[in-house]
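User: I would like to learn how to read domains, helix packing and chain contacts in a model such as this one. Could you take me through them in turn?

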Amino acid sequence: MTEALLTVNGLSVAFNQDDNVVDDISFEVFPGETFALVGESGSGKSITALSVLRLLPGNAKLTASEIDFAGENLLAIPEMDFCQIRGRRIAMIFQDPMTSLNPVMTVGDQIGEVLELHFSWAKQAIKQRTLELLEQVEIPDPERRYRDFPHQLSGGQRQRVMIAIALAGEPHLLIADEPTTALDVTIQEQIMELLERIQKQTGMALWLISHDLALVSNIADRVAVMQNGKIVEMGCNEAFFVHPKHAYTQELLAALPSMDSCLNHLKKEKPSLLKLTDFKVYYPIRKGIFKRVVDHVKAVDGVSFELQQGKTLALVGESGCGKTSLGKGLLNLIPGTSGEVLFEGVSLNQLQGDELRLKRSEMQIVFQDPFSSMNPRMLVGEIIDEGLRALHSDISAAERREQVVHLLQQVDLPVSSAYRYPHEFSGGQRQRICIARALAVKPKLIVCDEPTSALDVSVQAQIIELLKNLQQEQGLSYLFITHNIAVVAEIADEVAVMNQGKIIEYGHVEQVLKNPVNEYTRSLLNAVPVLKIT
Amino acid sequence: MIQYIIRRFLYAIPLLFGVNVLTFVLFFIVNSPDDMARMQLGQKHVTEQAVENWKQQRGYHLPLLWNDQQQGIKKVKETIFYQKSVNLFLFQFGISDSGRNIGADIKQRMWPSLAVALPTLLVGLLVNITVALMMVLFRGSYLEFSSIVLCVILMSISSLFYIIGGQFVIGKLLKLVPISGYDGGLDAIKFLVLPVIISVIAGIGSGARWYRTLFLEEVNKDYVRTARAKGLTETQTLFRHVLQNALIPILTGVVVVLPLLFMGSLILESFFSIPGLGSYTIDAINRQDFAIVRSMVFLGSVLYIFGLLLTDISYTIVDPRVRLS
Amino acid sequence: MKRTSQKTCLLLTLIVSLVLSGCDDLQLNNPYSDSEAGQTVLYSSFTERPKHLDPAISYSANEYALIGQIYEPPFQYHYLKRPYTLEPLTAEKMPDISYFDAEGKQLSDKVDAENIAFTEYLITLQQGIKFQPHPAFAKDKQGNFLFHQLSQQQLDSINSLVDFKVADSREVTAEDYIYQIKRLAHPKIHSPVAELMKQHIVGLTEFSKQIAKKKLVNIASIPISGVEFVNQYQYRIRIKGKYPQFIYWLAMPFFSPMAWEADVFYSQQGLIDKNITLDWYPVGTGPYMLVENNPNRRMVLEKNPEFHPAYYPSEGEEGDRERGLLEDAGEKLPFIDKVVYILEKETIPYWNKFLQGYYDASGIASDSFDQAVQFTGQGGEELTPLMKGKGIQLQTAVATSTFYMGFNMLNPEVGGDSERARKLRRAIAIAMDYEEHIAIFMNGRGVSAQGVLPPGIYGYQTGQAGINPYVYDWGNGQAQRKSIEVAKQLMIEAGYAEGIDNKTGEALILYFDTAASGPDDRARLNWYRKQFEKLGIQLVIRATDYNRFQQKMRSGNAQIFIWGWNADYPDPENFFFLLYGGHGKVKYGGENAANYQNAEFDRLFEQMRNMENGSERLKIIRKMEAIVRYDAPWLFGLHPKNFSLYHSWYQNLKPNLMANNTMKYKRIDALKRVELRKKWNRPVFWPLIVLVIMFGAILIPAINAYRRRAKETMQ
Amino acid sequence: MTILWTDALIFFLVLMMLVLGFYLRGKEHLRRPIGKVTASRVGMMSLVILVFFGMIGLLDSIHFKPANDKSNEIISLLDYWTTSIRQQQEKTYSSPFAAYSYSKENITTDDGRQLWTYPRLKYGGAHLKNPDIKKTHDIMQKAAIGFTKGAGLFAFFFILLLSFFKERKQTILKGTAAKPVWMIIFIIVSGSYMLIDLSGFYHVLGTDKVGEDVFYQAVKSIRTGLVIGSLTTLIMLPLAIIFGIMAGFFRGWVDDVIQYIYTTLNSIPGVLLIAASILMVQVYMANNEDQFTSLVVRADMRLLFLCLILGVTSWTGLCRLLRAETLKLREMEYVQAAQALGVRRRIILMRHILPNVMHIILISVVLDFSSLVLAEAVLSYINIGVDPTTYSWGNMINSARLEMAREPIVWWSLMASFLFMFTLVLAANIFADTVRDAFDPRRADND
């Protein structure tokens, strides 16, 4: 076996006097290999990467017995010289390309900066090289992009620029910290391929940091799993994915949603609950001196579908395809909707005032971000019975308290949590609370707007499980909005694929997932990383 | 862009009208034309006749808001309000109660004000930014702490003390500059040095702190981390990236006040007897010359609104992300 | 690290050397351009820009300071002689006065006032007096005026009078004097004395009615019955009855000549819009002319090249020769080339600049008084060593003005003819310890008033005879205020024992109305309250702005107030008329703010008004004083005493409270001034250097810290 | 017992604070920031100082007509307790701890000779036979005695406190900021006791032009400063909150109108607006004098109005902040969830929006305080500040300006106002910083 490129020994990181976030970990990265550090959020994988590059925030305390890079002791290098390492020999790309690029600097300058920093070249040469790099990361029309600002680029392109920046210094080691998490599946795939290709070309080592086992399984040579600050298992790809030793690893793998797990959904017809015909959500575009409405952004452009009681319709699509607008428009959380909405045969367009309010309250929503979806100033108990207070003012406080207790039990939370504040709970638990809040008003339909995409896989599985059970018990219907087509299989009866405000494919789960008709749907499906076990 | 500007100008009209109404109400409640007349005609041997003539001449003999004697549109036109405010909109400030043409005076006194305010602004900006950058550069060190403390202390001192103290020490004890006065052309410099220094120092406290917070906000952004990952040194990141981004709010903040510089500083000017608009206003207040005060209010509002417009435009210039529609 | 410290050292040495090199004779704080240094320029100041410089309108001290030098009435007060005496200025000789009865028959000078119907003043003017050079007079070849119809493009190039390239002059004629009198009557002008003059000058009232609608520029041709053009150098003014004080009016700028061209010139709208008006750019005959008038910064007087020959007086009061006041006797006036008035709002800067030698004269703010003046054992005052060291000269003079606390006689509580009120007033008069007031607030710059008349006015009495017997006793050679017990006794007699009204049993509350509301006034107002508390009276201060104050005075809502009067001319009439019933403020809108009305007094006043000074007039005056002292409608306050300081290079100084054209007599030794200024204004640099060093001291460790941070590793 | 307008409002303010405190007691989301505040040493020290000033202010806000004297003069409790200092007026200037007047005078000695010299003061150091020798020693002695008295007092109460809360000794003594806090309290108590003791015999900070004790003036000025700083906010808060939140939440025409209002108000130069309004009050008072017989009442009216107008000019800033924040909040998912649950708008406002902007309000209030105190001085300089008869640092500075020109210079009046004002503003600023760091979420997480 060759000499390790990067050797980390007994690395621990702690933030101001708290206990270690990274706790005495050791690993190596070999030249030219792809090393993947996998772990769920808060397991300290990013911190590890940052601490190697000394990019930790000031209040972090780092201790390590050894950090060697190409036989050089990084710990011994003084701050002023460390600049020679960063970018030149070890480069890094970050999760969110939007915030990680300087918004007021042209793409060209940001790449050129690295060159001018590490190679003493002429302006012309620098520009030349920059364009080459842009070529290399497959950005169309580099000449033009060179002068563009980050905000003028699409998410994928930004990430490409980030990569270009990283490559500029011709590093031996490239650290990729969740390079694709913020991107849509299709883009995700392209980026990963790009990385692979580039690695092939340059023969540099790639240190990939990700939470997505499936994705990792496709490209990593060696994998290490982190769980709250410790590396619990490390091994080369096959060994790792075929027979994982550590329980946690197994758990993770188990939790992975898989496409072909479409359980035998009951096919028999049920009475229709919700029927949309030609539903539209338009945002006006105002122009001119008097801000006249000249045109509309057609977020949802004439969507029609039907949802039966006790069933789940999954609304799949990439970001900006209008699925969220549809969900919110349905609950009238955003103005400017049109088209007929039949709810239990009653047309909501006819209803007025309180009647409408009551009817609407039979549709509830669970949001994506479990942090911003609860008022931090309110007790969980208050949050849950808010709906009750609003709708059924006649119910006495005592009864309401019972209700809350009951609901908490339903979502498997301890009764005591009624008297605690949201921020004391983990993401998964919060999502449960949100569900409880939705349930409180006895809705018939719950719109789940990406309820799991902010959660780790293991938690995601639990939440989906919970949703299923609730459906069983109370015959709820879900409008399940997601970008992750993999999850769909787990829960949905029917699937509607959305693109640019229109439903392009609509049908039963198996049919859509197994043999999609539409081109776009197919690309979506292909893009989804699946656990490949060789 | 053009459309936007036009829209903003249209928007300014109701604003200015509101300002006009407000000031008008205030000032004419404060004192009746008769009082003005007496004020201006002085004390010895003032007769009712004289007062009447004076009002006639200044056009204060008309009713305030509604003229019943007149017919049709004149009912509105032949009133003090109409006469006084419409001309303002045309920037004809008319005659001050003491009988001078206000417009001419403003034209003349605007420049001294600017001569004090502009250097103050620029030097102040420079000093504050440097201090703030220093603080950020040495963040976490005793240096930052001590300079923050210093800033708070500087902030807690009333500007009057700076002026009084500065004049006393530098002007009287050290005899380094003339104590007060003003002169046209280059001779003005020796008169301006002291006021500028004083107001800069008075400004450091709040200014530097404010900029520091701006810088700190930027420093914690992701792209700064990227920059350092590129291999830029602390200073390079600070100057190339942080400063660049932090300048956006700073500059736009400056642009707002830019037009208002003409209005000058009230106290400073009267202390150093600089014949600017600031002292002009103060005198007007003390002499209760409401024609002037009204004009100044109007002018101030116009400049302020203009400043707002400039801010928006400057945003589009310094910040590529912003586009006006 | 070492390098930087070296750098700083280098820098310091540089600064030091630079400083030392330039140190010896540079004046960093000289507010004037160095070119002016050698010239005989007088530097003075104004705190608020004068409102009017039109001699027909202007009527206040700060304006007279300027136009006194520019406009010349026919007569003036002699610079040196005391008591104040009039002498011809532009007139050839004093006017020939002749009296007529109703039928227009000439009477002898001896006849007594009541049968005199008219008086005529024949004024003969010097020849060859010319107006100052002014564009208004400029003519072209054909002899028509250049600038009387300015075209637009002419106007565009003009921002001040200097921009007129051509200027001309012409000789003054009697017409110009008459024209000025006509202007007084014109309603557009708002002359403050118009109403007064209408009472005296024959035909003025009719004239003013006649021209009310006319433009100012067209009135020159219309005659006034009472003012007659005799010839080029003579004109005659006819006034109703006998009014000896009229001669004093003739010594005021109201009666100085005015060229009709000026009015035509200045009536052009284009100029008015540019603030170029007669109010701002006078056209006079005097020794000086206003060349720059920027009321926002400075005003500059320069010698008038056309000024008629005038010479320094050769005789004066006894003692003037010793004081060196006659050294310039017979020299041609004026001595000073240029006078610069600079806008100076704050007293502190002014005082400091004066000490630095950048102003030539200064009054003494009460705050800087101790610094300047000290009192010798016997109440006499002298300069402090500091001032003496600078060679500064002190001049004092009791102003011909009086400050009094007035009781509104229409007010039921304090006013009226009742014994109760009178006693109350007297009690207060005793309680108000004006000696203390003078000591605290005026640093003893004033004398407590004994009656209506200030010193220097005919009829003023010094010594025991002159004291106010109701307030003062005569003890060891000076007036001594009666003890507070006396006042308390009076209170008891008045029925306000211990300040409790025996009728109501309530504490007596009196109201004091004032326009003062500055922070300094606060102290003063507190003091007033303390004085009244001595008698157990509660004084409520009703402070408001000057307008409201006057409003109250007019409507008679005021109860107690403090006001002052400044002599227009040195004649007792000018003071007693303030108490004349016919001038009651509420009734007639006159100047009798106390609304005092006493038949006997009024009778005497009417008698005294038009008498020449003489024993019997004196007798009447004494009577009147006695009446007023008895009734006490006023509480005689004080006569301020002007202290002024002059630098050693400022010469020919003699306080003259009546004349306002004294600039021409003064002289300045420019060279002496230059060297003294140098001596007094050596800049001090070392604190700056210390500052720089300190800054460096702070910076160096900072840099160290930074370097250390850069060096540190993770181990 | 007569209640002036400002008094009433002040006590109303205090009451509101208490109520608010009671309501927020034990609210979870406040515990962390409050804990942060209590943990910071400087913060707590400055708070103590503020409280001390506040108590003086309150004492000075209890007005009544003294029964004994017949004049209808209204005095405050503070005046009543400091009657001795208040009435020990000299003739004119005298420097701190002086026994002689500051300016020479003509004195007739016993043998009838006239002397031009510095006269003895009526009260300052009057108890001394021969000041020139004895004074320093006497001052030292008196100071020491006063200080020890104060210390004793402090010790007594401290022990009393401990014995009361035996079980909570820990919290009293061991808190991170406990030591400095007790220290500062100790200094304040014994220090002020010392001063009170001394000013019985001397003019600690000298006397002003009319011989009024400068120390007394400075202390009296505290109330003015506090009133301006606090009442203004009290007045502006409702405006700012209601308008700001409504504009942000309802948007549309409501937003337009409110924006119009505050842009208009903003665009008028504040000073001029203030000037106009102050003149207006004067006119009002001039027109109906009968209501304002007593000087105190007049001054108070003007003070109140100054606060009012300052409030009107200064609400716009906060309003803008709140509007922006509300715009953010209304997009928050919990607000949308509430809408989905069919909660009524006003309830959403009360329950979701208002509590979540509270920190902004709090921060801006404490930040404004100091700037308002400073503003007062400036306004008084232009004579559009508080009534010239009210004691205020602004007025003191204003009159002190002229004294700077005196030779030898009269520095104490300026110095006194400087010290007091500086202490208050500094304390306020530091406290404001602590509060901001504690309550501003953005700062909270980046340290």
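Analyst: Let us begin with the domains, bearing in mind that this is a predicted model. The C-alpha centres of domain 1 of chain D and domain 2 of chain D lie 33 Å apart, and the assignment places domain 1 at 5–66 + 213–446 and domain 2 at 91–199 of chain D.

User: How many residues of domain 1 of chain D are in contact with domain 2 of chain D, and which element gives the largest share of that side?

Analyst: In chain D, 13 residues of domain 1 are in contact with 12 residues of domain 2. Helix 3 of chain D gives the largest share of the domain 1 side, six residues, and by class that side has nine nonpolar, two polar and two charged residues.

User: At what angle do helix 10 and helix 11 of chain B pack?

Analyst: In general, two packed helices are described by the angle between their axes and the distance between the axes. Here helix 10 (residues 222–230) and helix 11 (residues 234–257) of chain B pack at about 140°, with axes 10 Å apart, which means that helix 10 of chain B is oblique to helix 11 of chain B. The crossing of helix 10 of chain B with helix 11 of chain B is right-handed, and the residues making the contact include Tyr223(B) and Val224(B) of helix 10 and His241(B) of helix 11.

User: How many residues do chain B and chain C each give to their contact?

Analyst: Chain B gives 42 residues and chain C gives 40 residues. Among the elements that give two or more residues to the chain B side are helix 6 (102–137) and helix 8 (159–173) of chain B, and the residues of that side divide into 16 nonpolar, 16 polar and 10 charged.

Definitions and conventions:
Residues are numbered from 1 along each chain as its sequence is written. Chains are lettered from A and ligands numbered from 1 in the order in which they are written. This is a predicted model: local features need pLDDT of at least 70, side-chain atom pairs count only at pLDDT 80 or more; totals for chains, interfaces and linings use all residues. Two residues are in contact if their C-beta atoms, placed from the backbone, lie within 7 Å. Helices (H or I, at least four residues) and strands (E, at least two) are DSSP runs, numbered from the N terminus. Ala, Val, Leu, Ile, Met, Phe, Trp, Tyr, Cys and Pro count as nonpolar, Asp, Glu, Lys and Arg as charged, and the others, Gly among them, as polar. Domain bounds come from an automatic or database domain assignment. Axes are lines fitted to C-alpha atoms, for helices over the stretch in contact, and angles run from 0 to 180 degrees between N-to-C directions. Angles under 35 degrees count as roughly parallel, over 145 as roughly antiparallel, 65 to 115 as roughly perpendicular and the rest as oblique. A crossing is left-handed if the near helix is turned anticlockwise from the far one by less than a right angle, and right-handed if clockwise.
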